[in-house]
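Hi,

Here is the model I promised to pass on. Have a look first, and my notes follow below.

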Amino acid sequence: MLYKETLFRGEAVPFVMELPNYRMPAAKNVGWLLWEKAKDFIQRAFSVILIATIVVWFLQSFDLHFNLVESSEQSILAMISGLLVPLFRPIGLGDWKICTSLISGFMAKESVVSTLEILFGESVGTAMTSVTAASLLVFSLLYAPCVAAVASIKRELGGLWAFGVVVWQCVVAWIFAIITRIIMLML
């Protein structure tokens, strides 16, 4: 009560805040807003997915000497992704093609599917079991956000926080993916 007497002297004045009248949005306005947001997303996502797809195609088509490879197992992409295979083998994702799709998903989560389609071709459905697919889905949903989100985190909180967020989310995703795999194998 003492602070009230010393800081706020005089008669209390009621606080009045004027709010605009609430109206139902018109269907035309909602439709226009949805169209603009969808168009913006498609333009941004498409450009990132297209670039990621071209990079994946290039890396899977050439070896370290830039010679065209007959089999993608001899490509630059297979060599890079092969380094991650031991890390992902316990969660059932021990194929270099799946590791590659997860790397491309760091550019944009949407590109995981297109990368799998490029690398597996028509056999994506037969190349993975339901246990592998469930583990991949859980990991994909939980691992590090795309590059744009990490860049925003870095800009707002600094590089150490951005790195920490990426590592933390990858660890959490790995843990939940192995839990999913264990549960699916027990069923």
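Ala134 is buried (under 20% relative accessible area, where over 50% is exposed and anything in between partly exposed, with a 1.4 Å probe and protein chains only), because its relative accessibility comes out at 16%. Ala134 lies in helix H8; helices here are DSSP runs of H or I with at least four residues, strands are E runs of at least two, and both are numbered from the N terminus. Leaving aside neighbours within four places in sequence, Ala134 is in contact (heavy atoms within 4.5 Å) with Thr180 and Met184. The C-alpha atoms of Ala134 and Met184 are separated by 8.1 Å, although the two are 50 residues apart along the chain.

Before I go on, the small print: this is a predicted model, in which local features need pLDDT of at least 70 and side-chain atom pairs count only at pLDDT 80 or more, while totals for chains, interfaces and linings use all residues. Residues are numbered from 1 along each chain as its sequence is written, and side-chain values use heavy atoms, with hydrogens and water left out.

Back to Thr180, one of the two partners of Ala134. Thr180 has its place in helix H10, and it counts as buried because its relative accessibility is 18%. Seen from the Thr180 side, and again without neighbours within four places in sequence, the contacts are Ala134, Ser135 and Val138.

That takes us to the helix pair itself. H8 and H10 pack with their axes 8 Å apart, at an angle of about 155°; the axes are lines fitted to C-alpha atoms, for helices over the stretch in contact, and angles run from 0 to 180 degrees between N-to-C directions. H8 is therefore roughly antiparallel to H10 (the bins are under 35 degrees for roughly parallel, over 145 for roughly antiparallel, 65 to 115 for roughly perpendicular, and oblique for the rest). The crossing of H8 with H10 is right-handed, which is to say that the near helix is turned clockwise from the far one by less than a right angle, anticlockwise being left-handed. On the H8 side, the residues that meet H10 are Ser130, Val131, Ala134, Ser135, Val138, Phe139 and Leu142. Their counterparts in H10 include Gln169, Cys170, Trp174, Phe176, Arg181 and Leu185. By class, the contact of H8 with H10 has 12 nonpolar, 4 polar and 1 charged residues, with Ala, Val, Leu, Ile, Met, Phe, Trp, Tyr, Cys and Pro counted as nonpolar, Asp, Glu, Lys and Arg as charged, and the others, Gly among them, as polar.

What about H8 on its own? Helix H8 runs over residues 130-142, and its 13 residues reach 18 Å from first C-alpha to last. That is close to the expected 18 Å at 1.5 Å a residue, the expected span being 1.5 Å times one less than the number of residues. The buried residues of H8 are Val131, Thr132, Ala134, Ser135, Leu136, Phe139 and Ser140. They pack against H10, and also against helix H4 (85-88), helix H5 (96-105) and helix H6 (111-120).

H5 and H6 are a pair in their own right. Their axes come within 8 Å and cross at roughly 150°, so H5 is roughly antiparallel to H6. H5 passes H6 in a right-handed crossing. From H5 the contact takes Trp96, Lys97, Ile98, Thr100, Ser101, Ser104 and Gly105, and from H6 it takes Ser111, Val112, Thr115, Leu116, Leu119 and Phe120. The classes come to 6 nonpolar, 6 polar and 1 charged.

Phe120 of H6 is worth clicking on. At 10% relative accessibility, Phe120 counts as buried. Beyond its neighbours within four places in sequence, Phe120 is in contact with Asp95, Lys97, Ile98 and Ala127. Its C-alpha is separated by 9.2 Å from that of Ile98, 22 residues apart along the chain.

Next, H9 (residues 147-157) and H10 (residues 159-186): their axes come within 7 Å and cross at roughly 140°, so the two are oblique to each other. This crossing of H9 and H10 is right-handed too.

One loop residue to finish. Phe66, between helix H2 (27-61) and helix H3 (76-82), has a positive phi of about 60° although it is not a glycine. Phe66 counts as exposed, at 56% relative accessibility.

Cheers
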